[in-house]
Every structure is written in C-alpha cells, then in structure tokens.
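I opened the model and kept notes on what I looked up. The entries follow in the order in which I made them.

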Amino acid sequence: MNLPVHPASRLAPLRHFVTGLARVLEGRPDEATILREGAALLARLVAHDDWLPEDCARPDPVHYRQYLLHADSAQRFSVVSFVWGPNQRTPIHDHTVWGLIGMLRGGEYSQSYRLGGATGIEAAGPEVRLEPGHVEAVSPRVGDIHQVRNAYDDRVSISIHVYGANIGAVRRSVYGPDGTAKPFVSGYSNTVLPNIWDLSRELQQA
Ligand code: FE
C-alpha cells in the first residue's frame, strides 16, 4: 500500500533551503559570500525535481507565472518559482538586488544586457543556456539587466529564483529596445503559499 506523502515531508527540501539561507544571512555577510553560499544551497534544492507543489508549477497559456514559495519575515530574501509556457519570455528587466536562478525542469536562455552603446542598450556576452541543476547569479554588481526565455517551444520549463528582497514588491525597471527604462513592479501569481511548517506527521511518528 502506498501511503500519501505528507506535504511537509515533500516540502522538506524547500524548508531546508529557507532555514539554510537564513542562517547564512544571520552573519550579515558581503554579497559575494551570499551569492557563493546561496548558490551552493540552491544547487542542492534544484538537484531533485520532486518537491515543487503542483499549484506552483502550473503554466498560464499567455504569460509566464511567478509563484511566491517563501518570503523571509524581515524581507531579507524571497523564493519564487518561475513557470514558463512554451516560447514564453520576460521583457528585458533589472532586479536592483542580488538574485540567484536555479534551473529545476526543462531549460531556459538568459541574455545579459548593459546600458549604453549606439542603441542605448546592448547585449553583454553570449546568451547562456541553463540546464536542470545549473545556478546563475544577477545583481547590480555582477550584471543586473537580462532577458530570460523558455528554451523550449513545446514544453513547460521551471526555474527557482531567490532574491535579496521581497522581489514582487520591489520598484525596478523594464527596458525598451532603445534602453528606455519603464517602472516595473512584478507582483506574484499566487495568493496562497506552500505550507513548509506543518511538522505534525513527523511528531506523530516520533
Ligand atoms: Fe530576472
């Protein structure tokens, strides 16, 4: 007989990531340390694709979705699942805070940009392809402007993003083809968050 997996057990990898990152931030490390230690934690989280709740993995036929998975109580960080339908892409945008992108399912391309040049904005380096398990960093210090798209035209891709703020409520910018900035607040696609804290099953079993 197969017993149903208790949601909190299934969500243990996400809970461990959240508590691990909070522990890293307790020492108020510099950004390079956050990106390095956060990337190691995120690589562990996206090494297995067996924990993301269905509700936070659902694509939309028109727009990519961004589901808040967890927000730190002091808004020092947030964790978001980005769900890309076939061919979906972001506008060119910035973050204004540090960010980490961990590929969970499918694949995506990220193209970095910098302001300036003849057209006001230009590609900075080649497009990077992320495969499941890969982690990439953004920030105003390491390069903050990019455009991300699903690598596939026939299936859903999902990446787990972590930012140094409550990213859905951060005032940032999207950029036109001539580098013109427009104000942008991304928000979230969900109103209910995964419950990573119901440990009752484990208590009952102990
Ligand atoms: Fe981004």
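**Entry 1: cavities**

I counted enclosed spaces and got one cavity of 30 Å³ or more. On a 1 Å grid over the protein atoms alone, I took a cavity as a set of points where a 1.4 Å probe fits but cannot get out, and a pocket as an open set with protein on both sides within 12 Å along at least five of seven lines; a lining residue has an atom within 4 Å of a point. Grid points are joined across faces, edges and corners, and a volume is the space filled by probe spheres set on the points.

I noted that this is a predicted model, in which local features need pLDDT of at least 70 and side-chain atom pairs count only at pLDDT 80 or more, while totals for chains, interfaces and linings use all residues. Residues are numbered from 1 along each chain as its sequence is written, and side-chain values use heavy atoms, with hydrogens and water left out.

The largest cavity has a volume of about 80 Å³. I listed 13 lining residues, and F82, T90, H93, Y163 and R172 are the closest to its centre. Strand 2 (78-84), strand 9 and strand 10 (157-163) each give at least two residues to this lining. I took helices (H or I, at least four residues) and strands (E, at least two) as DSSP runs, numbered from the N terminus. By class, the lining of the largest cavity has six nonpolar residues, six polar and one charged. For these classes, Ala, Val, Leu, Ile, Met, Phe, Trp, Tyr, Cys and Pro count as nonpolar, Asp, Glu, Lys and Arg as charged, and the others, Gly among them, as polar.

**Entry 2: the iron site**

I looked up the donors of the iron ion and found H93 (NE2), H95 (NE2) and H146 (NE2), at 2.1 to 2.2 Å. Donors are N, O and S atoms within 2.8 Å of the metal (3.2 Å for Na, K and Ca); water is not among the atoms, so the site may look incomplete. Along the sequence the donor residues are spaced H-x1-H-x50-H. H95 and H146 link distant parts of the chain: H95 sits in the loop between strand 3 (92-93) and strand 4 (99-105), H146 in strand 9 (residues 145-150), 51 residues apart.

Is H146 buried or exposed? H146 is buried, because its relative accessible area is 3%, and buried means under 20%, exposed over 50%, partly exposed in between (1.4 Å probe, protein chains only). H95 is buried too. Leaving aside neighbours within four places in sequence, I found H146 in contact with residues including P91, I92, H93, H95, S110 and Y113; contact means heavy atoms within 4.5 Å. I also checked H146 against G168: 22 residues apart along the chain, with C-alpha atoms separated by 17 Å.

**Entry 3: the largest pocket**

The largest pocket has a volume of about 160 Å³. P13, H16, F17, L41, R44, L45, H48 and D50 line it. Helix 2 (12-26) and helix 3 (31-45) each supply at least two of these lining residues. I sorted the pocket lining into four nonpolar, two polar and two charged residues.

**Entry 4: nonpolar cores**

I looked for nonpolar cores, sets of buried Ala, Val, Leu, Ile, Met, Phe, Trp, Tyr and Cys residues joined through side-chain atoms within 4.5 Å. The largest has 31 residues, and L14, F17, L52, V79 and I160 have the most contacts inside it. Helix 2, helix 3, strand 1 (65-71), strand 2, strand 4 and strand 10 each supply at least two residues of this core. Helix 2 gives the most, with seven residues. Not counting residues up to four places away in sequence, L14 touches L45, W51, L69, V79 and I196. Another core lies apart from the largest one; it has 11 residues, among them L68, V80, F82 and W84.

**Entry 5: single residues**

V135 lies in strand 8 (residues 135-138). I put V135 down as partly exposed, because its relative accessible area is 27%. Beyond four places in sequence, V135 is in contact with A39, L42, A43, L100, I101 and G102. V135 and V46 are 89 residues apart in sequence and 8.7 Å apart in space, C-alpha to C-alpha.

Which backbone angle did I note for Q75? Phi of Q75 is near 55°, a positive value in a residue other than glycine. Q75 is in the loop between strand 1 and strand 2 and is partly exposed, at 45% relative accessible area. N87 also went into the notebook, with phi near 70°, positive in a residue other than glycine. N87 is in the loop between strand 2 and strand 3 and counts as exposed, at 53% relative accessibility.
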